[in-house]
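Hi,

Here is the structure I promised to pass on. Have a look at it first, and then read on for what turned up.

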Amino acid sequence: MSDPQGKKSRSRRWLLVPTIAGGVALVVYLALLLVTTWVAQDRLTHSTAARHALDAQLHANALSYFYAERLGDLANLRRDQAVQSFFVNRDLGMSMKYGLQASLVSIREVLIERVGEKRVDSGPFFDRIALFDADGTILVDTASEPPAAGRWTPLEPGFPTHVRLVVDAPRYPDAILVEAPIVMAGRGRGTLVAWVNERTTLAALVGLDPGGSGFARYRLLRSAAELAGIESAVGAPVEVSGTPFFLVDRERTSLDERLLTSRWFLFALILLAVALLVGGWMLLGAQRQNLVLQTRMDVARVQRRKLSEHNERLREEIKTRKEYERRLIYQANYDALTGLPNRTLAMDRLEQSLMIAAREGHRVLTFYLDLDQFKRINDSLGHAAGDEVLIQTAERVSALVSAGDTLARLAADEFLVIYPDLRDPVDAAERAQALLGLFAAPFSIEGREIFLTATLGIAVSPCDGKTAEDLLKNADLAMKEAKDNGRARYSFYVPGLDVQIRERLSMANLLRHAAERGELALLYQPLIDLRSGRVVAAEALLRWTSEELGVVAPDLLVPVAEDAGLIEHIGGWVLERACTAAAQWQSIAPCRVAVNVSSLQLQAPESFSEQVDMALKHSGLNAGLLELEITEGVLLRDRPTIGALLAELDRRGIRLSLDDFGTGYSALSYLRRFPFHVLKIDRTFIAGIPDNQEDTELTRAIIAMAQALGLSVLAEGVERPEQRDFLVEQGCDLAQGYLFSRPIDADALAAMLGRNGAVAQS
């Protein structure tokens with residue numbers, strides 16, 4: 001018989017075993033499923049962190065490259081020709097009005113152009129670029145309203161030379177700056193500072209919209225210490241190479257990354273364990289592949305963008321370099337003030353003109369033009385006025401220069417005019433006269449009229465030179481010859497001028513050591529009182545007897561000394577010797593000594609006054625026994641310092657005489673304004689007495705005028721008795737000349753004074 005209970009028991013055991021086995025399997029399955037889920041989640045988390053770290057590193061590299069480019073931008077900008085020229089021109093003394101101000105405008109245009117060309121979409125890389133001087137003041141600023149007190153002080157000791165990023169500037173603590181010091185000749189001249197637009201820059205490099213919500217994902221830190229204040233940062237901050245910055249990713253874990261651990265998904269995993277297990281593994285594998293593929297695509301996109309930007313920069317740099325080359329060529333060949341060709345370009349054109357003239361058989365005409373007394377404009381009105389004179393001169397002369405001719409500026413106030421096709425030599429004089437006529441009208445400078453003249457030297461090829469250097473040199477010699485003959489005129493080059501110049505240079509070199517070798521001497525010509533016939537004074541006359549040249553003409557000695565810059569030294573020597581001799585005469589008889597004074601000596605009033613003091617002190621001569629002879633040409637300069645010097649000499653008791661009165665510039669204003677005691681009538685008037693009616697009347701008028709003004713009258717060059725008689729008749733006080741005595745040495749004059757001061761009048 002069968003046992004139903006046993007069957008049921010066995011059936012339950014059979015059912016229990018599968019149930020237990022199924023439960024165990026289910027538990028194992030769920031355990032495996034949970035373990036697998038957590039492993040997948042962990043791998044996904046690490047993969048996501050790796051992707052974020054890679055993204056942050058890529059962006060950090062892009063930022064590093066960007067700031068390196070900005071440093072390069074500022075490094076190139078400080079080498080810009082406009083910036084360099086400004087500091088060079090300022091060192092050379094260029095005025096702000098006509099040179100430096102234009103340079104600053106050009107620099108600002110360059111800076112504004114640089115701000116405008118460095119952009120992404122509508123945002124600039126640079127908010128502002130400023131040029132600061134070495135003392136920190138602003139020279140140029142692209143900001144429409146720069147701060148009034150804005151200054152810049154280098155942060156490193158001394159003056160830095162390298163370009164760098166600055167994030168800790170005292171006056172701009174929240175700004176990212178690029179500092180580019182400008183160093184020339186080992187000395188800091190200024191600093192270029194650029195303000196970097198951090199938001200636009202970061203948005204452009206990470207590929208996010210600055211106005212979108214995703215822009216807040218990344219943040220640029222000044223230091224790693226700031227990371228403590230950042231919430232939900234993903235990974236460690238990434239250092240931006242070459243900068244003081246750290247880049248941090250603040251993106252939170254997305255829903256996709258937390259999907260595997262969500263509660264409803266765990267229930268779904270229990271229901272769809274096998275399918276989700278397989279799908280999870282497949283998803284994990286796909287995710288890894290997608291991450292790798294996405295990373296490669298991001299790298300490729302960044303590289304393509306960098307390559308495109310690099311190509312664009314190359315095109316801009318090529319364009320900029322061509323513009324720089326054009327500017328350099330212009331600056332190398334043209335004058336910055338007048339815009340005329342400079343010496344280099346002028347010499348090149350002159351060489352070309354000479355080659356064409358030699359081939360076609362015509363002549364080349366050159367004018368060497370120099371402004372007369374131009375230095376007075378700079379000294380009295382300033383260099384800005386001098387620059388304006390040069391500009392107006394260039395404009396005037398350009399009116400007489402045609403398209404085929406050349407007008408160039410060679411030096412400060414020297415110009416060269418080249419006429420490459422001279423057919424008739426007569427045209428040279430006509431053109432020269434027309435050119436000098438341009439200076440008849442006054443120059444209008446700062447609301448006042450100024451009259452200037454010019455002097456021309458003319459040289460014509462091939463007779464005056466077959467090369468550009470020879471033609472220019474001979475035109476220069478002709479100009480100097482014209483100046484020596486009175487200025488405001490023109491002179492043609494004649495053979496032998498260069499020999500005369502060399503002779504004068506040689507004479508100047510010998511004159512430098514003439515006093516040391518004992519070649520200089522003083523002679524004295526007595527000044528006779530026409531009423532008593534006695535010697536009351538003596539004029540000191542300088543003589544030079546050179547071992548190599550022999551006796552040098554007195555009329556040549558003083559001009560050579562003035563040209564060589566020796567007149568101050570020689571003038572002091574003459575004062576010392578003359579005062580010493582006069583002091584020795586006083587033990588015999590009272591006698592003044594008269595010393596001629598060069599115009600160049602009076603141009604240095606303090607030095608001349610010291611020479612007079614030393615001569616009187618060393619000799620012991622009373623100041624009232626010293627007489628200084630001043631020529632009328634000195635008073636033409638109308639300088640307050642000269643008037644003050646003459647007044648001071650008069651207060652000290654020194655007598656002043658107006659020499660060579662009546663020879664060209666005589667004016668009663670001199671006698672009223674300056675404290676003269678003696679009026680000397682030039683020998684050219686005395687020579688015509690009594691035969692020449694005009695000379696006789698002029699002499700009579702000069703004597704009467706001097707007497708009316710209370711001045712003593714001295715006639716020089718008296719050689720005949722009838723001249724003496726006329727002067728006595730007219731009441732002339734003093735006379736000198738060969739009729740009374742030739743120039744004699746100090747001992748002979750002392751002997752004459754010992755004979756009661758009387759002279760034999762033959």
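A contact here means heavy atoms within 4.5 Å. Counted that way, 63% of the contacts in the protein chain with a separation of 6 or more are between residues 24 or more positions apart. Before you go further, bear in mind that this is a predicted model.

The overall numbers: the protein chain holds 23 helices and 26 strands. It has 762 residues, and 45% of them count as buried.

Let me start with strand S7, residues 187-196. Of its 10 residues, 9 are buried, so S7 is largely enclosed by the rest of the structure. You'll find two partners for it worth looking at. Strand S3 (residues 126-133) is joined to S7 by 7 bridges, and the two run antiparallel. To find your place in that pair, look for leucine 131, which stands opposite leucine 192 in S7. Strand S6 (residues 176-184) also pairs with S7 in the antiparallel sense, over 9 bridges. There, proline 181 stands opposite threonine 191 in S7. S6 and S7 make a hairpin with 2 residues between them. Have a look at alanine 185 in that turn, since it has a positive phi of about 55°.

Next, a glycine in a loop. Glycine 242 sits between strand S9 (234-239) and strand S10 (246-249). Is it buried or exposed? Anything over 50% relative accessible area is called exposed, and glycine 242 comes out at 69% relative accessibility, so it counts as exposed. Glycine 242 also has a sequence-distant companion in tyrosine 67: they are 175 residues apart in sequence, yet their C-alpha atoms are 7.9 Å apart in space.

Further along the chain there is an open sheet of 5 strands, in the order S12-S13-S11-S16-S17, with mixed pairing. Its edges are strand S12 (406-409) and strand S17 (490-492), each of which pairs on one side only. From one strand to the next, the twist averages 20°. At the S17 end, 3 bridges join that strand to strand S16 (residues 454-460), and these two run parallel. Isoleucine 458 stands opposite phenylalanine 492 in S17. Helix H7 (residues 343-360) packs on the sheet, where it touches strand S11 (363-371), S12 and strand S13 (414-422). The direction of H7 makes about 155° with that of S11.

Last, the cavity search. How many cavities of 30 Å³ or more does the whole structure have? The search finds 1, and the volume of the largest cavity is about 30 Å³. Its lining is made up of Gly571, Val574, Leu575, Val595, Asn596, Val597, Gln601, Phe608 and Leu628. Which elements supply at least two residues each? Those are helix H14 (567-585) and strand S21 (592-596), with H14 giving the most, at 3 residues. By residue type, the lining divides into 6 nonpolar and 3 polar, with no charged residues.

If you want a route through it in the viewer, I'd begin at the S6 and S7 hairpin, go on to the open sheet with H7 packed on it, and finish at the cavity lined by residues such as Phe608 and Leu628.

Cheers

Terms used
Residues are numbered from 1 along each chain as its sequence is written. This is a predicted model: local features need pLDDT of at least 70, side-chain atom pairs count only at pLDDT 80 or more; totals for chains, interfaces and linings use all residues. Side-chain values use heavy atoms; hydrogens and water are left out. Two strands pair if DSSP finds at least two bridges between them. Helices (H or I, at least four residues) and strands (E, at least two) are DSSP runs, numbered from the N terminus. Axes are lines fitted to C-alpha atoms, for helices over the stretch in contact, and angles run from 0 to 180 degrees between N-to-C directions. On a 1 Å grid over the protein atoms alone, a cavity is a set of points where a 1.4 Å probe fits but cannot get out, and a pocket is an open set with protein on both sides within 12 Å along at least five of seven lines; lining residues have an atom within 4 Å of a point. Grid points are joined across faces, edges and corners, and a volume is the space filled by probe spheres set on the points. Ala, Val, Leu, Ile, Met, Phe, Trp, Tyr, Cys and Pro count as nonpolar, Asp, Glu, Lys and Arg as charged, and the others, Gly among them, as polar. Buried means under 20% relative accessible area, exposed over 50%, partly exposed in between (1.4 Å probe, protein chains only).
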